Amino acid sequence: MANRTTFLFWRIILCAIAGALAPLSLAPFNYWYLGGVSVAILFILLHNCTPRAGGWLGWCYGLGFFGAGVSWVFVSIHEHSNASGLLAGSMTALFVAALALLFALQGWLYSRFFRNVAGFCALWIAFEWLRSWLFTGFPWLYLGYGLIDTPLAIFAPLGGVWLLSLYVVLSSTLLVTFFKRLKHPLQAATILMIVGLPLIAVQQHQIPRSWTLPVGEPLSVMAVQANIPQQQKWQRSELEHILQTYVDLSLDSDKVDLLIWPETAIPTFYPKARVMLSPFTERLEESHTAMISGIPTVYIDSEQPKGKRYTNSLTLFAGGSGNYDKQRLVPFGEYVPLERQLRGIIDFFDLPMSEFSLGSPDQPLLEAAGSQIAPFICYEIAYPELVRQQSLSSDLLLTVSNDTWFGHSSAPAQHLQIARMRALETGRWLIRSTNNGISALISPDGNISTTVPQYQQAVMIGEVQRMQGLTPYQEWGIKPLQIVAGLMLLFGLFTAPRRRQSRKGF
């Protein structure tokens, strides 16, 4: 009994360690191979588990996975809401434990119904997709992001980040199976062929490297990174100083086609901002420079308790027309679930501008500098399907953010990597403008063309190219992969080995 307890204890510890390895395959660490190692360890540890054991091992894997991957939540709570280290740590732990329940369910389902490669891989993709919409979604830490700087990234326009995730999971589990079946040459050869075919295709250039084509002349872009401290941002006494800072940093903007200020760069509503910035915007109009800035917007709405609703928005101040209201809000940062019960308990539930409402899902694109621009605010760029749908009629992507919330954690690097994948999936140039970094211009192949140092005031100037055409992922989205995953689930279900009689206990 003691030996069995010790064995189970070490399996639990190994699961947590395996989970913690997976985020190391992503930015800022970029040890891409650790994603496959992590998956392989979990696959081995779930072998012949009871459903109950599979659920517990999956949960422990999730604790390591999200504990290592989203520990930056602690920074947001501790540094920006006056929460003690103990309280911030407890809330972060609760958040991680709740997310880990998804891996618990994944482990239980696998151990109960499948226990084979097909079922394991299909469930993994199904749960990555589930995380993109369940409870508004948390589409973070997809394993496919780790392949952004490998030759396999060429497959992202075919099936998005989820196709790359499937390759990571499928190749790692098949390699485990290969070493278990060395005595079966035909099976081993089949497994090696499945793992190696994509690499051969890349080597032989059988997959087109570009699905979209440039149109028109390049556009010159200036993105201002003002590095305004979060504590200063919403103080009314600082408004004039903040606006002047942005204007001073934008002095040469009359020499470019497009000027971008980041998320909520203007911490007041449009009518007041328009008056305060009129001398500057008039100069931009004269030079035919388009200006887009993040700004909160207020609407009269009789259905709201206060007769108004607020949105986190992007607005054109010069050189074009259009306004975009954010469609995916960050819980507690931009709205408070169970608001009546939680408001006032601690400062974290009363953060500035945490009363935003959702924008409409059918908003038009922004028109600026002769471009049809698909806009995304902060967290939205992490939603593959949202970006895909918004980008269908666009020729340029724009995302603005204020990653000051995350301090010197891994979140800004993860956020940038996600943005790079969206550019690659859609075959379009992407402008990323942030308050304190990482600002960047990203080419359709997912590479960074221009960037500026993080955590300091800087002005990023470069060129982007409008693109036309659609990638296969833009046309079809995740549906083909859902069909493949569904077939794999059916195959895995009907070929699952007969489960031995469950032993009592764990």
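**Figure 1. Salt bridges in the predicted model.** Five salt bridges are counted in this predicted structure. Side chains of opposite charge can pair when their charged atoms come close. Three of the pairs are shown in the views below, namely aspartate 149 with arginine 420, aspartate 252 with lysine 255, and aspartate 403 with arginine 432.

**Figure 2. Close-up of the salt bridge between aspartate 149 and arginine 420.** The N to O distance between these two side chains is 2.5 Å. Aspartate 149 belongs to the loop between helix H6 (117–130) and helix H7 (156–180), whereas arginine 420 belongs to helix H15 (residues 411–426); the pair therefore ties together parts that are 271 residues apart in sequence. Arginine 420 has a relative accessible area of 10% and is buried, because residues under 20% are classed in this way.

**Figure 3. Close-up of the salt bridge between aspartate 252 and lysine 255.** In this pair the closest N and O atoms are 3.9 Å apart, and the contact is counted because the cut-off is set at within 4 Å. Aspartate 252 is partly exposed, its relative accessible area being 42%. Lysine 255 counts as exposed, with 65% relative accessibility.

**Figure 4. Close-up of the salt bridge between aspartate 403 and arginine 432.** The two side chains meet at 2.9 Å, N to O. Aspartate 403 is located in the loop between strand E10 (396–401) and H15, and arginine 432 in strand E11 (residues 430–434); the pair links distant parts of the chain, 29 residues apart. Aspartate 403 and arginine 432 are both buried.

Terms used: Residues are numbered from 1 along each chain as its sequence is written. This is a predicted model: local features need pLDDT of at least 70, side-chain atom pairs count only at pLDDT 80 or more; totals for chains, interfaces and linings use all residues. Side-chain values use heavy atoms; hydrogens and water are left out. Helices (H or I, at least four residues) and strands (E, at least two) are DSSP runs, numbered from the N terminus. Buried means under 20% relative accessible area, exposed over 50%, partly exposed in between (1.4 Å probe, protein chains only).
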